[in-house]
There are 2 protein chains.
Amino acid sequence: MLVAPRSTPLDVEPLVDSVLHASRALVAVAARSLAAVADEVTLPQYRVLVVLAARGPQGLAPLAAALGVSPSTATRMCGRLVRKGLVQRRTPSRDRRQVRLALTEAGRAVVAQVTALRRGEIARIVAAVPPERRAQVVDALSAFAEAAGESADRDWTAGWEL
Amino acid sequence: MLVAPRSTPLDVEPLVDSVLHASRALVAVAARSLAAVADEVTLPQYRVLVVLAARGPQGLAPLAAALGVSPSTATRMCGRLVRKGLVQRRTPSRDRRQVRLALTEAGRAVVAQVTALRRGEIARIVAAVPPERRAQVVDALSAFAEAAGESADRDWTAGWEL
DNA sequence: GCAGTTTGTTGCCTATAGCCAACTGTTGCT
DNA sequence: AGCAACAGTTGGCTATAGGCAACAAACTGC
């Protein structure tokens with residue numbers, strides 16, 4: 001799309017640089033938090049848990065669409081997660097073709113554990129931010145997050161809101 | 001767990017919240033940028049490329065250690081990357097036991113492409129930040145990135161500096 | 001009630017990632 | 001020269017992820 005970035009008087013390069021820098025640190029944090037449960041779930045499996053946690057119980061087709069995989073792949077991944085007791089597979093009485101995939105308590109616990117780890121690592125980092133600048137950081141990041149949300153064209157996160 | 005958050009003067013909860021929020025957006029951006037080359041390299045393979053890009057040509061053992069995998073796994077992954085023309089495998093004349101793994105031009109291009117995509121998406125987001133707040137965002141994120149760097153115990157990123 | 005459509009599942013296939021154990025070369029030391 | 005230690009590779013194995021195509025079951029319309 002290559003839009004001329006001249007819209008901004010003060011060029012955005014340094015801004016992008018600083019965001020990218022912070023981004024690497026945050027991705028590393030996320031990856032490490034995920035690695036902590038790596039012997040329980042794989043990354044694709046964790047994506048399933050996150051989608052179910054974020055969007056609630058789903059049929060198989062919407063889930064597969066959210067993950068961007070084929071139905072057969074979704075079926076088998078859910079099978080593994082059911083076997084591990086992290087996902088519950090029920091067939092509603094109304095339409096017995098459908099399947100309702102939902103997180104079990106254990107499944108929610110896995111997501112909660114990863115999130116807690118992530119928050120912990122983030123807290124350790126922000127503890128190193130000078131207290132008098134923290135309010136500023138909150139403001140700036142909120143502005144950034146909001147901008148990210150608005151810039152959400154369509155399926156922005158595309159099932160990657162880890 | 002319900003720990004009283006009064007330990008910190010200005011309690012860090014909102015700070016952690018805002019960072020976590022921004023973090024999700026940034027992880028999604030990184031994931032999408034990676035997905036763009038998913039038909040060329042897998043995530044583990046991309047990690048190899050990134051390690052080689054960041055630390056320069058490596059022997060097999062250090063590379064495997066950086067990735068946290070066994071030597072045999074590293075051998076085969078590099079084999080696949082060599083087959084794809086993204087990594088170069090040479091044996092120096094001095095010690096012919098060793099192997100020098102290095103990125104090829106194409107390998108560097110893959111990393112550059114992902115980085116460029118990421119920067120592009122980030123730029124699109126920051127373009128949505130009100131101009132008068134951008135300087136503030138730079139300051140805040142720099143402070144955060146710096147704090148993350150200092151909090152880097154030892155193998156902080158653990159080969160996950162994607 | 002029968003035909004057609006929707007919704008998942010299963011068979012069959014490929015490729016990757018990962019490990020341990022055994023092996024081949026090389027180098028270095030005695 | 002000979003042997004031990006080192007650096008990678010390979011054999012053999014398991015599990016996951018992913019797709020396509022064929023299928024069974026259930027619902028919907030006529």
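Me: Which residue of chain A comes closest to the rotation axis?
Reply: A:Val27 does, with its C-alpha at 2.9 Å from the axis. The model is predicted, and this distance was computed from it.

Me: What makes the relation of chain A to chain B that of a two-fold axis?
Reply: In general, two copies of a chain are related by a rotation about an axis and a shift along it. Here the rotation that superposes chain A on chain B is 180°, and the shift along its axis is 0.1 Å. The RMSD of that superposition is 0.1 Å. These values are why the relation is that of a two-fold axis.

Me: How do you know that the same surface serves both copies?
Reply: Of the contact residues of chain A, 94% recur in chain B. Residues count as being in contact if their C-beta atoms lie within 7 Å. By that cut-off the contact takes 54 residues from chain A and 52 residues from chain B.

Me: Which helix gives the most to the side of chain A that touches chain B?
Reply: α1 (13-35), α5 (105-126) and α6 (131-150) of chain A each supply at least two residues of that side. α1(A) gives the most, with 17 residues.

Me: What is the make-up, by class, of the side of chain A that touches chain B?
Reply: There are 35 nonpolar residues on that side, along with nine polar and ten charged ones.

Me: What makes a residue count as near DNA strand D?
Reply: Its C-beta atom has to lie within 6 Å of the strand. By this test 22 residues surround DNA strand D, and A:Thr42, A:Ser70, B:Gly59, B:Leu60 and B:Ser72 are the closest. Both chains take part: α2 (43-55) and α4 (71-83) of chain A, and α3 (60-67) and α4 (71-83) of chain B, give two or more residues each. By class, that surface has six charged, nine polar and seven nonpolar residues.

Me: Which residues are closest to DNA strand C?
Reply: A:Gly59, A:Leu60, A:Ser72, B:Thr42 and B:Ser70 are the closest of the 22 residues that surround DNA strand C. The elements giving two or more residues here are α3 (60-67) and α4 of chain A, together with α2 (43-55) and α4 of chain B. The classes count seven nonpolar, nine polar and six charged residues.

Me: How many residues of chain A, as a percentage, are buried?
Reply: A residue is called buried if 20 or more other C-beta atoms lie within 10 Å of its own. Of the 162 residues in chain A, 36% are buried.

Me: In what order do the elements of chain A run?
Reply: Chain A has six helices and two strands, and from the N terminus on the order is α-α-α-α-β-β-α-α.

Technical notes:
Residues are numbered from 1 along each chain as its sequence is written. Chains are lettered from A and ligands numbered from 1 in the order in which they are written. This is a predicted model: local features need pLDDT of at least 70, side-chain atom pairs count only at pLDDT 80 or more; totals for chains, interfaces and linings use all residues. Helices (H or I, at least four residues) and strands (E, at least two) are DSSP runs, numbered from the N terminus. Ala, Val, Leu, Ile, Met, Phe, Trp, Tyr, Cys and Pro count as nonpolar, Asp, Glu, Lys and Arg as charged, and the others, Gly among them, as polar. Copies are superposed by least squares on the C-alpha atoms of residues with pLDDT of at least 70 in both. Two residues are in contact if their C-beta atoms, placed from the backbone, lie within 7 Å. A residue is buried if 20 or more other C-beta atoms lie within 10 Å of its own, exposed if 12 or fewer, and partly exposed in between; C-beta atoms are placed from the backbone.
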